[in-house]
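Please look at the structure below before reading on. The paragraphs that follow describe its sheets, one of its helices and the place where its chains touch.

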Amino acid sequence: MAKDNNSMETMIRTKQENEEINKINKVVFQTDKLTKKFGGLIAVNNFDLKVSQGQISSLIGPNGAGKTTVFNVVTGIYKADGGKVVFKGEDLAGKKPHQIIKKGIARTFQNIRLFSNMTCLENVMAGQHCRSREGTWSSVLQTPGQRKEELEIKKNAEDRLKQVGLWKYQDELAKNIAYGNQRMLEIGRALASNPDLLILDEPSSGLNDKESEDLIIFLKSLLKEDLTILLIEHDMNVVMGISHWVTVMDEGKKIAEGLPEDVYNNPQVIEAYLGKDEEEEE
Amino acid sequence: MKLNKNIKEKNSIFKKWLIILIAILFIVLPFIINAYWVDVLFFFGIYALLGLSLNIVLGEVGLFDLGHMGFMAIGAYTTAILNTYFGIPIMILLPISAIAAGAFAWLVCSPIIHLRGDYLCIVTIGMGEIVRLTLNNNLFGITGGPNGVFGIDFPSLGSIFIVDNSTKFYYYIWLIVGLTIIGLVNLQRSRIGRAWNCIREDEIAAEATGIDVKYYKLLAFVLGAGLAGVAGNIYASKLMMVSPESFNFMESCLLFCIVLIGGMGSIPGVLIGSAAISLFPEFFRTFAQYRMLIFGAAMVAMMIFRPGGIWPRKRGAAEFKSLLMKAGEENG
């Protein structure tokens with residue numbers, strides 16, 4: 001009984017704080033009662049998520065909680081079975097991935113998906129596809145407009161490659177560079193599309209401590225560019241280190257949200273991660 | 001770093017001269033060799049054009065298309081029928097054949113474009129066979145059944161420019177191949193070419209990077225089919241007749257081999273591949289019986305020892321750099 005009260009209190013407190021933060025920061029992205037089913041399995045169940053402008057928000061939860069599914073629905077790879085995805089006041093439901101990135105949401109993947117047989121520079125250049133528009137015939141004939149655009153693409157790609165610190169590997173094939181660098185290259189490719197919201201799926205998985213630290217510093221530096229970041233993460237150190245706001249998910253539902261410290265001490269969250277004590281259950 | 005740059009520059013100068021040298025060779029060649037070999041080189045040109053067209057679909061985007069001859073058949077029959085029934089000059093029919101083949105590709109490929117790998121392969125085999133059988137069954141009584149269509153004109157523009165002998169046909173096809181190569185190299189280096197390669201590497205990542213996968217796959221099919229239609233037009237006017245048997249499944253397989261032997265997505269590779277397919281049988285005419293045996297053995301050996309093709313496409317300076325690094329390690 002005491003436990004219930006405790007959790008109620010945290011819920012109330014997080015709600016108040018949520019309101020406070022919403023007063024200061026504009027919500028730029030939110031999902032509203034998002035639902036996704038795979039056959040009989042409900043992977044995401046009436047899930048609400050809010051991301052405020054210029055902040056780093058995290059989505060955490062145990063394995064199989066449905067975090068990546070949320071990302072895949074948000075970026076259009078899966079189709080939602082219900083609910084809304086609202087970005088800058090616009091409903092994104094039913095839009096295809098290439099249309100969504102054009103609206104300003106870029107993402108990376110949990111298992112790195114680079115264009116492995118293309119050079120690092122080409123990978124980042126490909127990231128600008130949605131921001132360029134020259135067509136087939138102007139490319140075949142190499143019109144002056146097409147050349148100019150191509151030069152711009154190349155210049156932007158060089159800048160992004162320098163930003164993620166991979167300039168020296170520009171001509172190297174993406175599959176040949178180290179794992180940590182591949183992660184940074186994927187972030188570089190996502191940044192090349194000049195997004196407003198960057199969605200990162202477990203950016204620190206597979207990185208060593210030093211690389212994780214560098215990543216945290218890098219992500220913080222991105223906020224200066226007026227970028228909003230949403231990340232999935234299970235490395236608690238990374239989450240606590242950089243998040244302004246944390247949402248916890250388990251079995252497709254939101255179980256808590258709030259400031260990192262509050263979520264960290266929330267008994268429901270601890271239960272979701274570590275499981276319930278057998279004795280207490282009885 | 002400076003050393004690397006020097007090598008790069010030298011390499012590009014060497015490449016430039018090599019291209020000029022090959023171009024001169026192709027221009028003077030008909031004066032040196034006899035008419036028979038000029039004809040052989042003409043068919044080399046046809047295969048090169050077809051190889052380049054399949055390379056867009058198979059090499060650049062990685063879509064398995066084993067019915068490519070169907071597109072060529074559409075181009076060839078468009079030319080044959082419009083020329084023999086309505087007397088429209090062949091050269092005016094050149095773009096029309098391309099558009100007809102491209103439109104056909106758009107029509108039949110739109111509903112199957114989401115298929116992957118071997119599934120798409122099977123559907124395209126079916127498509128190629130349906131085209132051949134339809135022509136064979138004398139569609140609307142205008143395709144002439146198994147005999148095909150006869151009496152197609154030489155390519156001409158009025159009475160000023162007529163392509164009426166082997167040498168002229170040789171220059172005609174290689175001029176078109178040359179222009180096609182320039183266009184395709186430009187395309188390779190543009191955002192379109194990049195988008196195609198991205199789809200080949202990873203479809204989901206390409207879609208998430210903002211590439212409209214369906215559109216670019218269809219674009220590849222339409223462009224590839226259009227080029228095959230051009231090849232069909234020239235082929236029809238050279239032979240002065242078309243018959244369904246020229247567009248059988250075996251020919252589609254040969255085209256597939258051209259791209260695989262040469263190197264997927266590599267334009268010089270495709271040229272080497274088409275040379276291998278069209279010139280090889282001529283050199284080995286004396287052992288005609290064992291030709292296919294040798295050919296098969298060569299294919300197997302290729303796949304084992306050089307799975308990337310004879311001349312795979314090199315990207316950036318990656319190959320060079322790794323070579324230099326290896327040399328540096330050995331010296332150090």
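**Sheets, a helix and an interface**

Strand 4 (residues 82–87) and strand 5 of chain A run antiparallel and are joined by two bridges. Strands here are DSSP runs (E, at least two residues), as helices are (H or I, at least four), numbered from the N terminus; two strands pair if DSSP finds at least two bridges between them. Within this pair, Phe87(A) stands opposite Glu90(A) of strand 5. The model is a predicted one, in which local features need pLDDT of at least 70 and side-chain atom pairs count only at pLDDT 80 or more, while totals for chains, interfaces and linings use all residues. Residues are numbered from 1 along each chain as its sequence is written, and chains are lettered from A and ligands numbered from 1 in the order in which they are written.

Strands 4 and 5 belong to an open sheet of four strands in chain A, with the order 2-1-4-5 and antiparallel pairing. Its edge strands, strand 2 (41–52) and strand 5 (90–91), each pair on one side only.

Chain A also holds an open sheet of six strands, in the order 6-7-8-3-9-10, with mixed pairing. Strand 6 (105–107) and strand 10 (253–258) of chain A stand at its edges with a single partner strand each, so one side of each is left without a neighbour in the sheet. Inside this sheet, strand 3 (residues 56–60) and strand 8 (residues 228–232) of chain A run parallel and are joined by four bridges. Ser58(A) has Leu231(A) in strand 8 as its bridge partner.

In chain B, helix 11 (residues 267–283) has 17 residues and reaches 24 Å from its first C-alpha to its last, close to the 24 Å expected at 1.5 Å a residue (1.5 Å times one less than the number of residues). A kink of about 30 degrees lies at Ile277(B), shortly before the proline Pro281(B); the bend is the angle between axes fitted to the seven residues ending at a residue and the seven starting there.

Finally, how many residues of chain B are in contact with chain A? There are 26, and they meet 35 residues of chain A, contact meaning that C-beta atoms, placed from the backbone, lie within 7 Å. Helix 7 of chain B gives the most to this side of chain B, with seven residues.

Conventions
Two residues are in contact if their C-beta atoms, placed from the backbone, lie within 7 Å.
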